[in-house]
Number of protein chains: 4
Amino acid sequence: MTQLPLSQDQIESLNAQGREALEDDYGSLGRQLGRRGIDIDAVTERVASFSVAIPSWGTGRGGTRFAKFPLAGEPTGIHEKLADCAVVQQLSRMTPRVSPHFPWDKIGDYRALREEAAELGLGFDAVNSNTFQDQAGQPLSYGAGSLAATDPAVRAQAVEHNLECIEIGRQLGSTALTVWVGDGSNFPGQQDLSRSFDRYLDSAATIYAALPGDWRMLLEHKMFEPAFYSTVISDWGSSILAAQQLGERCQCLVDLGHHAPNVNIEQIVARLHRFGKLGGFHFNDSKYGDDDLDSGTINPHQLFLVFNELVEAELNPRGGFDPAYMIDQSHNVTDPIESLLSSAGEIAAGFAKALLVDREALHLAQESNDTMMAFQALRQAYRTDVTPILAQARVGQGGAIDPLAAYRQSGWRARKAQERRAVGVGAGIV
Amino acid sequence: MTQLPLSQDQIESLNAQGREALEDDYGSLGRQLGRRGIDIDAVTERVASFSVAIPSWGTGRGGTRFAKFPLAGEPTGIHEKLADCAVVQQLSRMTPRVSPHFPWDKIGDYRALREEAAELGLGFDAVNSNTFQDQAGQPLSYGAGSLAATDPAVRAQAVEHNLECIEIGRQLGSTALTVWVGDGSNFPGQQDLSRSFDRYLDSAATIYAALPGDWRMLLEHKMFEPAFYSTVISDWGSSILAAQQLGERCQCLVDLGHHAPNVNIEQIVARLHRFGKLGGFHFNDSKYGDDDLDSGTINPHQLFLVFNELVEAELNPRGGFDPAYMIDQSHNVTDPIESLLSSAGEIAAGFAKALLVDREALHLAQESNDTMMAFQALRQAYRTDVTPILAQARVGQGGAIDPLAAYRQSGWRARKAQERRAVGVGAGIV
Amino acid sequence: MTQLPLSQDQIESLNAQGREALEDDYGSLGRQLGRRGIDIDAVTERVASFSVAIPSWGTGRGGTRFAKFPLAGEPTGIHEKLADCAVVQQLSRMTPRVSPHFPWDKIGDYRALREEAAELGLGFDAVNSNTFQDQAGQPLSYGAGSLAATDPAVRAQAVEHNLECIEIGRQLGSTALTVWVGDGSNFPGQQDLSRSFDRYLDSAATIYAALPGDWRMLLEHKMFEPAFYSTVISDWGSSILAAQQLGERCQCLVDLGHHAPNVNIEQIVARLHRFGKLGGFHFNDSKYGDDDLDSGTINPHQLFLVFNELVEAELNPRGGFDPAYMIDQSHNVTDPIESLLSSAGEIAAGFAKALLVDREALHLAQESNDTMMAFQALRQAYRTDVTPILAQARVGQGGAIDPLAAYRQSGWRARKAQERRAVGVGAGIV
Amino acid sequence: MTQLPLSQDQIESLNAQGREALEDDYGSLGRQLGRRGIDIDAVTERVASFSVAIPSWGTGRGGTRFAKFPLAGEPTGIHEKLADCAVVQQLSRMTPRVSPHFPWDKIGDYRALREEAAELGLGFDAVNSNTFQDQAGQPLSYGAGSLAATDPAVRAQAVEHNLECIEIGRQLGSTALTVWVGDGSNFPGQQDLSRSFDRYLDSAATIYAALPGDWRMLLEHKMFEPAFYSTVISDWGSSILAAQQLGERCQCLVDLGHHAPNVNIEQIVARLHRFGKLGGFHFNDSKYGDDDLDSGTINPHQLFLVFNELVEAELNPRGGFDPAYMIDQSHNVTDPIESLLSSAGEIAAGFAKALLVDREALHLAQESNDTMMAFQALRQAYRTDVTPILAQARVGQGGAIDPLAAYRQSGWRARKAQERRAVGVGAGIV
């Protein structure tokens, strides 16, 4: 029996205050969309069935190498993190799964954790392994690499950790392993660029071989950081070549902040899909590097263009279409719950707008090289305010019309600041 | 019987003046390299056998969309261009091949042209097709694309042009076709990103099928320009996937200025080689975009690091190693012959320095994660002044100790300014 | 008596078909804004009084250094260009001024031109000088620079051209001179970076001294192109230091595409305003470099953030607030009239959305470091669909509800394709 | 009486082994330079008098937000850090000053620390304040900014800390305060871009007013990180405007890694110098962002071009020339002493090469727009191997011919790994 963390009555009472305005807005938008030949309720239904996973670590304050500024009441263990995820899900109804990270979320009994999550209305998404940090008591250091290390014992340790993640994930009900490594170099010459790739592939193949039959392995590329000269899986090219080599159930994961400046990310999405290797997304936004800012805060149009490709891909599945969606942000200056609520909304808005594109008009304009009308087909959808659709989709499932207002009204964080132990001053992401 | 354009006596008389200094420098460097366990003469021999092709169009002034500032005496047809290429080759002895471009170099009799080149000591390198511009009298426009155009008649025209290039190249003694297209879009939505790639592949497959058995097809990617939102073959990932699909004799060509900011190009070289698709290079340098500046003028260290990968690749050929080297620069503010002389020297210097790397020390340091010593192995080579080696390699083949001085002394350009017809004011590259 | 180019009856007849839908949308939005405490009619009034100038050259097809693909019926002289500008103004009612460029728009009688424009409902905006190209018959070349050239005679010629532009502008009723130069270098060492700046300042001071008392001089910086290593006025820092040195009526012009990758342009706007040097804008959009794409097509959110700063600046004028707005785009693949219509709408949308920001809530959240609510104050405004406001503002002044549809219905371009002489194949911007 | 940390005998004994080779190389280079009209000993003398400060924090392992991998034997307090700095100075003879950072280097008795340093042959350079982190026990948090915070009490605390730094620096013999703040925002709207700059200026003015009469205040700009949307002093434009406002003894500090991609840093150096605001440098190298890699490892040519501007600036001091030089690197994967030794050499090499430029030829070529020869004047200097000059300059002052070899032979780190307490696993820079 599900035990949601916030008072559902309070949420509904707040919804009641906003209902009339929502009905006006939803009705107006419905008439407008009707004039465009779109049934708003069908769109709302699609949006209501959309979901994106939350990373367990995203519920705490993140930081930079310079500093982390803790938030009173932020969670410090997987149990508290799950509770915060449940708050996000209760209000947004778009984040029913949590993506765990090991060893950060390590505990004794994963079957019990799965039940605990289920009671909160949550399940588990892709498992994330971590071989970019050393843990206290770890036999060998990843200071010179992990899956691509020159020392075979280090590689074996890193492989072993991934196998353990698969085993934990199996107990949690996951069906995917996300592998991101920091392996790379800070100096020209530090590593042999080809041999380190060979070693990576060799280690990854061992992990892939251990994958349960219904699992996927998702490779996540990143241009730089923590390595600042070269990175083993630095771009989508390296990622897809590795995925091709590893096997059919190995696919590529796109983190929106892991690319070179100016790169056309939506085209990368299209390419990965065309070659059957579009595995999933880590949603966030960025202005400079892997800034891990809240999704859609910097460039919401790019988010829309990515979803436009995803909607196209679903209509043209070629070899299949089943991307895993996860938020991956570093909440350095906000209450993480608020950022996750806001981000889930921005992501869903990107999806909703992509659904509004008049694809017949778009394709016709594309085929006839009517550039302006092809663009206008996208722009008409993008400029539509889909707020009423998102609110209706939430409300229809018991969520909040205005999730941020409902969260603030709940007093959740202040209460937790009383109950939870404080996090110390420091730096970094954990 | 070869008829070189400049007075060989004059070159040798200038060399005589510099010989003593060269001997001192070469001797000193030889002793230094000897202390490092390197035989300077062996290096000089390798450098003497190195060559890079010159693009026929590089012999004229280039320009931007804003303006082109013509140079008195610049060549206006393939015959004059060949003469200028011969000047570069006579002085540098590192540029024995010319890469032609069609229709810019179109004439009536290609067998005669081949003989004309041979008499100047020149042969022909990869043929370049052009479907990014419209030519006067051309039936259909490339304004909406060429190999990836939605209109099948436009695609057919573009394919046909490439087949004609192959036929011309066959007559000229070429064995490679370089395909760069400007196909892409300036607006989100303008083109379907996947379908345009499908069309490109389809057209390219027809060209590939027509390739003579001993030819290669080189795909050249470019991030942007002339298209400023998306480009069909925009990065090495798209390029290698296309090359894999097209066939074994289709490979990827790396132009140093066609990448996103900050990208690690030497790692791209390593990746392409590892997957058997390193086809060749268009050498130039850049600071902002596809600036087409003279090779090594902005970032000579990057050029060295690229050659370091090439030397590694040659030692570990995996599936083979035979990259085609060409200069591809836009000489907007210099005498193109001077830029080509200088660039050939910078490129050869990158190669020479890469030969000086103590690879045993490098590999040992890499294997043992001795980062500082691995870097120092590269840096020791990079900081070596290889000027005497290059001069010796040139002199040994009849070239000039100081090609720029010899060229200036020859009075070539002033003479041509008298003989050749003037180029008008305008904009662009032709 | 104004003679507008299109049939006003036809426009109004099309408007009649769209009126009911517009009333529904405008009414709905009005109620929604009313709930937020905003009077929609007041916003519409502000938007109706907003205007942006059109560059005369923007009415023709633009191109790259590789190619230009002419459009049948594009204008070839200032008279035809004015006609096309009048079409844009008649439909959009937001572009009542034309920014001329010399020598491209050179003719005999500027007083007559001013009357001709007035009859079309147009006036003249800032005059643009051109010393980045050579013109046929020009005594000295700008190949080695213009205002910053080492040759004093070249500098004098460039200054003289600017003085002539001022004189022409005076006759046309302009009150501003925009100075953009391509002066810079392609090689390290080519120019002395300080001395060339000295020379620029010296030349610019002579121009500034000739400025009529009610005129402004607008300096336009650009990171690169046509120079690819250094540019004399490459960034806003160089621009504002030059403007400070030149005098009070010298200000800085921001072209949205002239910055380094990732730069926060809205902060540059804030800085220029704070130091009293915000002179104006060249609106366009870009993904890679100075792509000169249509405004708001790539990053409409950035356009909104710029206008958010402008609305803030107007509320806090400090030393004054009077920026000049101009569109500056290169229409390579569309009908320029359609691009200008679309762009005027996107720019006005950015302005309209900035007017919708709840500034009291924003400032309160900023002061109390309530990051999420500060962001939401902006985002609520940004996500609002202001289409009905823009349409209402246009209709209220005689423009079209749907300018693109009205333009297409008018058959203008097809008619002009019959009447106007064809433009030849070529490259570049003119 | 100076007590150097390493055995001077051992250094000299190693030098003895290398002397003959050095003499050969130095003699050869001397003859070559002589042929170019350059007296090698004069250059060596200039290089011998060159120095660059070491940051106290640079002696320990740095890290990223993801991880820090400690090094056995790295220093943990200012006393151990000084010892390591003394090792660098003893071997390189180019790093006689240490730049301290507070509160990281906080201790009880600064006069005693000054004496301790003097005994090690060291003095103190610019003092660095830190208001980008919270310290245990600090009354107010910098989580929402420091000098630009909205809360006046936070600003006062940050100002107070800077005043304390000045007081400490006075005791240490410093004459400069370097101010770098992380103030900025992660969300559009989070901060008012103009008002935050006002607050920064206001706080900085209070600090400036407290500056001793012979001190300078150095403002350090940075594009991003720790703030990822806007930063108060994000670029040289903001920095110089602030410095102009604050007063004559306020100048700008250039960190080579704090700029937007592709930016021409040497031109920024030239601009700052021209306007009398070139205060100093933080040397490091980078490929992507503020990577803080070892100086000259990624782009040694850029380092040379910066020094070329510095040599020009010294020859044309305009309002004065006295930049402060400091290394500022994050040594994530090397022994910091080795990185500092290597970096001091790379920086000195950049300076030495800039001294070798034939400035008469350069200026003549620049004035006559002989682009190729202007470039060649720089390139001839750049390609010269100045290793013998650096070695001679070190040896002449008691340093090592080969500092890295001498350091490894000394066994310093292994000994310290026995003596010093271990640093724990973590993340970040301290």
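Biologist: Where in chain C is the place of C:Asn262?

Modeller: This is a predicted model, in which local features need pLDDT of at least 70, side-chain atom pairs count only at pLDDT 80 or more, and totals for chains, interfaces and linings use all residues. Residues are numbered from 1 along each chain as its sequence is written, chains are lettered from A and ligands numbered from 1 in the order in which they are written, and side-chain values use heavy atoms, leaving out hydrogens and water. Helices (H or I, at least four residues) and strands (E, at least two) are DSSP runs, numbered from the N terminus. C:Asn262 sits in the loop between strand E10 (250-255) and helix H8 (265-274) of chain C.

Biologist: Is C:Asn262 buried or exposed?

Modeller: Its backbone deserves a look before the accessibility: C:Asn262 is not a glycine, yet its phi is positive, near 75°. Most residues other than glycine have a negative phi. For accessibility, buried means under 20% relative accessible area, exposed over 50%, and partly exposed in between (1.4 Å probe, protein chains only). C:Asn262 has a relative accessibility of 17%, so it counts as buried.

Biologist: And C:Asn369, what is its relative accessibility?

Modeller: C:Asn369 also has a positive phi, about 55°, although it is not a glycine. You will find C:Asn369 in the loop between helix H11 (359-367) and helix H12 (371-383) of chain C. This residue counts as partly exposed, because its relative accessibility is 33%.

Biologist: What is omega for the peptide bond from B:Glu225 to B:Pro226?

Modeller: Most peptide bonds are trans. The loop between strand E8 (216-220) and E9 of chain B holds B:Pro226. The bond from B:Glu225 to B:Pro226 is cis, with omega near 15°.

Biologist: Turning to the chains, how much area do chain B and chain A bury between them?

Modeller: Contact means heavy atoms within 4.5 Å, and here it takes 55 residues from chain B and 55 residues from chain A. Buried area is the accessible area (1.4 Å probe) that two parts lose on being put together, summed over both. Carbon and sulfur atoms carry 52% of it, and the total for chain B and chain A is about 4800 Å².

Biologist: Which three residues supply 12% of the area that chain B buries against chain A?

Modeller: The whole contact between these chains buries about 4800 Å². No other three residues of chain B give more of its share than B:Leu193, B:Leu241 and B:Arg271.

Biologist: How many salt bridges are there between chain B and chain A?

Modeller: A salt bridge is a side-chain nitrogen of Lys or Arg within 4 Å of a carboxyl oxygen of Asp or Glu. One example joins the side chains of A:Arg274 and B:Asp198 at 2.4 Å, N to O. Between chain B and chain A the count is five.

Biologist: Which residue of chain B meets A:Arg318 in a salt bridge?

Modeller: The pair crosses between chains, starting at A:Arg318 in the loop between helix H9 (300-315) and strand E12 (324-327) of chain A and ending in helix H6 of chain B. A:Arg318 is partly exposed at 39% relative accessibility. The N to O distance is 2.6 Å, and the partner is B:Asp198.

Biologist: With which side chain does B:Thr150 make a polar contact?

Modeller: B:Thr150 is buried, with a relative accessible area of 13%, in the loop between strand E5 (127-129) and helix H5 (152-172) of chain B. Leaving out residues up to four places away in sequence, it touches several others, including A:Gln366 and B:Arg199. A polar contact is a pair of N or O atoms within 3.5 Å; within protein, one must be able to donate a hydrogen and the other to accept it, and residues adjacent in sequence count only if both atoms are side-chain atoms. At 2.9 Å, the side chain that B:Thr150 pairs with is that of A:Asn369.

Biologist: What turn lays chain B on chain A?

Modeller: Copies are superposed by least squares on the C-alpha atoms of residues with pLDDT of at least 70 in both. Chain B fits chain A with an RMSD of 0.0 Å and a shift of 0.0 Å along the axis, after a turn of 180°. That is why the relation is that of a two-fold axis. B:Gly237 has the C-alpha of chain B nearest the axis, 2.1 Å from it, and the turn is 180°.
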